[in-house]
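Colleague: Could you pick a single part of this structure and take me through it slowly? I'd like to see how one piece fits in with its surroundings.

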Amino acid sequence: MNELRFTVLGPSGCGKTTLLACMNEYFGRVMPGAFEAGDPEIFRKLSDAYANLKNDAEDNGHELIFSGGITGTDEEKQYPFTLKGSRRNVPIRFYDFPGGWIDLRDTEKSAKFSRISETAGSSSVIIAVINAPYLMQYDGKYSSYAGVNEIEYVIENSLSPDAGEKLILLVPVKCEKYLTNGKYAEMLRDAVKRAFSRTISLTGSKSPYYEKLALALIPVKTMGNVQLSRFEVREGNPLQVFRRITGSRFMPEYTDQPLRYALSFLLRQYTKSKKGIFSWIFGNGNLDDIASQIREGIREDIRGAEIIAGRELIGLPEGK
């Protein structure tokens, strides 16, 4: 393996590709030249997905049944890119797996599940995309649609006491309604922490992964100008209906944060040991310039956000 890997997990329709599209647009705009697409055609699809999402969000209609992004398929997607420092480049690859591949109703030893577990196991970072309304509305009546059990199962199967440090990011999306005030944001944080209690327990002092596992919760707004209105149940399945905020424009917020945390984690590992496990990638080049740009943009004032474990592993000083 001659690259750093990120695995993105979540059930079908949760917003994985939408999040990647928003991250791609943000960094292409704010840090041009810092990222180079390994496959321009694939990243053009992300740009197209972002444009479609923006059109949906700013349509003249009042309501939107959330289905933005790239239409799901039964094939994994890979997004290779290069992080470019002044004297050293870092090859990175995102893996985005179809949500149905982690359905525990199928045999747990299927080739598809094994593919996810293998990739997650070799990934330095796992990003769990969480469809927040399923956890928050109707006292969690539809929480099973958030795929928590499936995500946690993959995470647990990706870990090994003999492996190196790993970062897990819990990323609730479609959070516009819940980040409007501190009370809602606190409720969101508590709901996610309850749902992922097994994952959080892996960071405890009695866990074999203690001090090797970093864990952070980072809610994001993938549209910014819509809020959940209601659920509509069609053929037994709940669909989320969003209402556009009158006069508002499409404005995602915090979508850069998951990647900033992930890259800070990786760059801290490089700084810690240039002759360690990443030496075959980084060589002796200096990445201080790009590390500073990444970390300066990390925000810990986001409502509902929390570094649950491994602050030092992420490369953040106390009180940042």
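Modeller: Sure, I'll start with one strand and then work outwards from there. Keep in mind that this is a predicted model.

The part I'd pick is strand β6, which covers residues 125-131. How many of its residues are buried? Seven of seven, so to speak the full count, which is how β6 comes to be mostly covered. Now look at where the side chains go. In a regular strand, side chains alternate between the two faces of the sheet. You can follow that here: V125, I127, V129 and N131 point one way from β6, while I126, A128 and I130 point the other way. Both sets are buried.

Next, who sits beside it? Strands of a sheet pair through backbone hydrogen bonds, either parallel or antiparallel. On one hand there's β1 (residues 4-9), which runs parallel to β6 and is joined to it by four bridges. If you want a spot to click on, F6 has V125 in β6 as its bridge partner. Then there's β7 (residues 166-173), also parallel to β6, with seven bridges between them. Here I127 has L169 in β7 as its bridge partner.

Zoom out a bit and you'll see an open sheet of eight strands, in the order β2-β4-β5-β1-β6-β7-β8-β11, with mixed pairing. The edges belong to β2 (35-37) and β11 (306-309); each has a single partner strand, so one side of each is left without a neighbour in the sheet. On average, neighbouring strands are turned by 20° against each other, ignoring direction. For an antiparallel pair, go to β8 (residues 213-217) and β11, which share three bridges. There, L215 stands opposite A309 in β11. There's a helix on this sheet too: α3 (residues 111-121) packs on it, touching β1, β4 (77-84), β5 (89-96), β6 and β7. The direction of α3 makes about 135° with that of β1.

So how does our strand sit in the bigger picture? The protein has 11 helices and 11 strands, and buried residues make up 52% of its 320 residues. Contacts often reach across the sequence as well: taking those between residues at least 6 apart, 77% join residues at least 24 apart. Try tracing β6 with its two partners again: β1 with four bridges, β7 with seven.

Terms used. Residues are numbered from 1 along each chain as its sequence is written. This is a predicted model: local features need pLDDT of at least 70, side-chain atom pairs count only at pLDDT 80 or more; totals for chains, interfaces and linings use all residues. Side-chain values use heavy atoms; hydrogens and water are left out. Buried means under 20% relative accessible area, exposed over 50%, partly exposed in between (1.4 Å probe, protein chains only). Helices (H or I, at least four residues) and strands (E, at least two) are DSSP runs, numbered from the N terminus. Two strands pair if DSSP finds at least two bridges between them. Contact means heavy atoms within 4.5 Å. Axes are lines fitted to C-alpha atoms, for helices over the stretch in contact, and angles run from 0 to 180 degrees between N-to-C directions.
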